[in-house]
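Q: Could you walk me through one helix of this protein in close-up, and then through what surrounds it? I work at the bench, so please explain the terms as you go.

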Amino acid sequence: MAGNSNLHMSKAQKEDEFYTELSMIEKELRFYKQHFENKTVFCNCDDPEWSNFWKYFELKFDELKLKKLISTHFDASESTYKLELFKDTNGDGVINSKDIVKTPLNANGDFRSPECLEILDDCDIVVTNPPFSLFREYITTLVEHNKDFIIIGNLNNITYNEMMPLIKEQKVWAGKNSGHYWFRVPEWYKEKKTDFKIDENGVKWRRMGNICWFTNMDIPEHYEDLTLYATYSPEEYPKCLNIDAIFVRLVDKIPMDYNGLMAVPITILPKLNPKQFELVGFDKELTENHGRVRTLQPNGKEKTEYARLIIRRKP
């Protein structure tokens, strides 16, 4: 898929300047509004001059009853700054852009720098679009520092060694929205693939595939059952060759009458109710192959399929 190849190229070249659309942020964060009251939100991978995450929380500061909003700016070659919004500094009765406090940083704003980690320890919730090329290191940092978070990543990340234990142990799960999304890219960005456009204002955009929100913040929508319609038959659901599970080609083909292990598309994750399904995880062979199962084709040849999650229906 073009969107996924764009993402792989991004990771290889570390071209991580992808700016999230405000509508995409609003669509996801509406589920979490009750979590923000009297909390400090840290956007630690955002250029605050461009970031729609900063814009979202700045505009909704009073509505969400935030305690403080912080964003750190990153520059690869020089020291930068942080922005803070936390009180009505000019006495006009509202908290808005006129009350932003800008403070120099000693280093370049990298989320791994000591001063950014110190801010991380003092905040309550992290909300951002982290660098795609550093996603696994980034989410491990959040978990190690025991932070609540709502972040953007790629669904394929769940098949890697650092992520599967977090998913299986319910330390990380998918948010409500996933799919293909357009991201704004810098002016210097050169066209690489067909999923690229320039809008009427001359702004450049790239479409990225298998994008997913990841979080550890609970919402009622996380426990909505996936409605099942299909019924099991050995002909429709062949056995995998490298794990004792049936192969399910599509999420909407998960059988409602099968209680054993099922190898299902990873796109189930945003719909995976932990009260409805047990996420079994991977054995050693599947871990080494990033979740790719093998099946036997009608012509007698083996085929390595796309990555799968191994699940089982709960009674």
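A: Here is a walk that starts at helix α5 and moves outward from there.

A quick note before we set off: this is a predicted model, in which local features need pLDDT of at least 70, side-chain atom pairs count only at pLDDT 80 or more, and totals for chains, interfaces and linings use all residues. Residues are numbered from 1 along each chain as its sequence is written, and side-chain values use heavy atoms, with hydrogens and water left out.

Helix α5 covers residues 114-122; helices here are DSSP runs of H or I with at least four residues, strands are runs of E with at least two, and both are numbered from the N terminus. Its buried residues (under 20% relative accessible area with a 1.4 Å probe, protein chains only; exposed is over 50%, partly exposed in between) are E115, C116, I119 and L120. Looking down the axis of α5, these residues fall within an arc of 150°, so they line one face of the helix; the arc is taken from the directions running from the helix axis to the C-beta atoms. On the face turned away from that buried side sit the exposed residues P114, E118 and D122.

What covers the buried side? The cover includes strands β2 (40-43), β3 (68-72), β4 (81-85) and β6 (125-128), along with helix α6 (135-144). Strand β3 gives us a good residue to zoom in on, T72. At 1% relative accessibility, T72 is buried. Leaving aside residues up to four places away in sequence, T72 is in contact (heavy atoms within 4.5 Å) with C116 and I119, and its other partners include F42, C43, N44, Y81 and L105.

Now to the cysteines, which you may be curious about. C116 is buried at a relative accessible area of 1%. The whole structure has 0 disulfides, a disulfide being a pair of cysteine sulfur atoms within 2.5 Å. For C116, the nearest cysteine sulfur belongs to C45 and lies 8.7 Å away. C123 is also buried, at 2%, and it forms no bond because its sulfur is 9.5 Å from the closest cysteine sulfur, that of C43.

Strand β6, part of the cover over α5, also packs against the buried residues of another helix, α2. Helix α2 spans residues 22-29, and L22, M24, I25, E28 and L29 are its buried residues. Seen down the axis of α2, they keep within an arc of 160°, so they line one face of this helix. Besides β6, they pack against β1 (19-20), α3 (52-59), β7 (148-154), β8 and β10.

Two backbone details round off the tour. K65, in the loop between α4 (61-64) and β3, has phi near 60°, a positive value in a residue other than glycine. N210 lies in strand β10 (residues 204-215), and its phi is near 55°, again positive in a residue other than glycine. N210 is buried, with a relative accessible area of 15%.
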